[in-house]
Amino acid sequence: MRKTKIEALKTKEYLMMAALETFYKKGVARASLNEIAQAAGVTRGALYWHFKNKEDLFDGLFQRISDDIESCLIQDLEKPDKNSWSNFRLSLLKFFERLENNNLHNKFYNILFLKCEHTDQNEAIISLVDKYRTLWNHKLNMILAECVEQHDLDENLDIEFATVFVKCNIDGLIQQWLSAPQNFELNQVAPRIVDITLDNLKNHPLLHRPTAKR
């Protein structure tokens, strides 16, 4: 790879990490491209060479960290025993460990849950967030379907409804902890919430499709 291409990739990474810090500190709507360029130590022209606007930069950052999260998820779900249920539990526990201890993931979710203001000027970015949330919902849907196929979950599980149920529990815990991390120890609460959620997936009748009466 030529030096100029290496330098361009480094500049793009600097810009995305500068955007992460700026969005985290100021919120997405109030962050300016000038501030991001200055934080990255580059000119505004250099920023526009890599990203056409704030939405494009946000999308690049989102994709960059989503790929990292996806890579972690794949590692968690593809353990040698190939048991989707146990790997699913492990992936949820690992997710909360990273949320608490991985600075990149922590700031990313902080931006996603607390700093993406729902304003008219932020409409394009909110649409991007919705797009990625739809992709993650699809991933969760597939995991639950695999657990049903492996007979770890009841064949009558309402997968669409169960996906909403899991997301409400997981997203709710993320929101609560990010909003007030001093209120409880995430490493103590998360495993209990995860296990209660999974126990309900297995056993709660309201998560199953109604069976036809004979």
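User: How do the residues of the lining of the largest cavity divide into nonpolar, polar and charged?

Analyst: This is a predicted model. In it, the lining divides into 14 nonpolar, two polar and seven charged residues.

User: What is the volume of the largest cavity, and which residues lie nearest its centre?

Analyst: The volume is about 460 Å³. The lining holds 23 residues. Leu-73, Leu-92, Phe-95, Tyr-109 and Trp-136 lie nearest the centre. Now go from residues to elements. Those giving two or more residues to the lining are α4 (54-77), α5 (84-101), α6 (103-115), α7 (123-149) and α8 (159-179).

User: How many cavities of 30 Å³ or more does a search of the whole structure find?

Analyst: Two. The second largest has a volume of about 40 Å³. Its lining consists of Phe-58, Leu-61, Phe-62, Phe-108, Ile-111 and Leu-112. At least two of the lining residues come from α4, and at least two from α6. Here the division is six nonpolar, no polar and no charged.

User: Next, the core. Which residues touch the most other members of the largest nonpolar core?

Analyst: Start with the general idea. In soluble globular proteins, nonpolar side chains tend to be buried together. Now the case here. The largest nonpolar core has 62 residues, and Phe-58, Phe-88, Phe-96, Tyr-109 and Leu-201 touch the most other members. Two of these names have come up before. Phe-58 also lines the second largest cavity, and Tyr-109 is among the residues nearest the centre of the largest one.

User: Which elements give two or more residues to this core?

Analyst: They are α1 (3-26), α2, α4, α5, α6, α7, α8 and α9 (186-203). The largest share is that of α7, with eleven residues.

User: Take α2. Which of its residues are buried, and which exposed residues does the face turned away carry?

Analyst: The helix spans residues 33-40, and Leu-33, Ile-36, Ala-37 and Ala-40 are buried. Look down the axis. The buried residues of α2 fall within an arc of 100°, so they line one face of the helix. The face turned away from that buried side carries Gln-38 and Ala-39, both exposed.

User: What follows α2?

Analyst: Gly-41 follows, with a positive phi near 75°.

User: Which residue other than glycine has a positive phi, and where is its place?

Analyst: First the background. Most residues other than glycine have a negative phi. His-151 has a positive value, near 65°. Its place is in the loop between α7 and α8.

User: Is His-151 buried or exposed?

Analyst: His-151 is exposed, with a relative accessible area of 71%.

User: Last, the cysteines. How many disulfides does a search of the whole structure find?

Analyst: Zero. The test is distance: a disulfide needs two cysteine sulfur atoms within 2.5 Å.

User: Why is there no bond at Cys-72?

Analyst: The closest cysteine sulfur to that of Cys-72 is in Cys-147, 20 Å away, which is too far for a bond. Cys-147 is in no disulfide either. For Cys-147, the nearest cysteine sulfur is that of Cys-168, at 19 Å.

User: Are Cys-72 and Cys-147 buried or exposed?

Analyst: Cys-72 is buried, with a relative accessible area of 15%. Cys-147 is buried too, at 0%. The cut-off for buried is under 20%.

Terms used. Residues are numbered from 1 along each chain as its sequence is written. This is a predicted model: local features need pLDDT of at least 70, side-chain atom pairs count only at pLDDT 80 or more; totals for chains, interfaces and linings use all residues. Side-chain values use heavy atoms; hydrogens and water are left out. Buried means under 20% relative accessible area, exposed over 50%, partly exposed in between (1.4 Å probe, protein chains only). Helices (H or I, at least four residues) and strands (E, at least two) are DSSP runs, numbered from the N terminus. The arc is that of the directions from the helix axis to the C-beta atoms. On a 1 Å grid over the protein atoms alone, a cavity is a set of points where a 1.4 Å probe fits but cannot get out, and a pocket is an open set with protein on both sides within 12 Å along at least five of seven lines; lining residues have an atom within 4 Å of a point. Grid points are joined across faces, edges and corners, and a volume is the space filled by probe spheres set on the points. Ala, Val, Leu, Ile, Met, Phe, Trp, Tyr, Cys and Pro count as nonpolar, Asp, Glu, Lys and Arg as charged, and the others, Gly among them, as polar. A nonpolar core is a set of buried Ala, Val, Leu, Ile, Met, Phe, Trp, Tyr and Cys residues joined through side-chain atoms within 4.5 Å.
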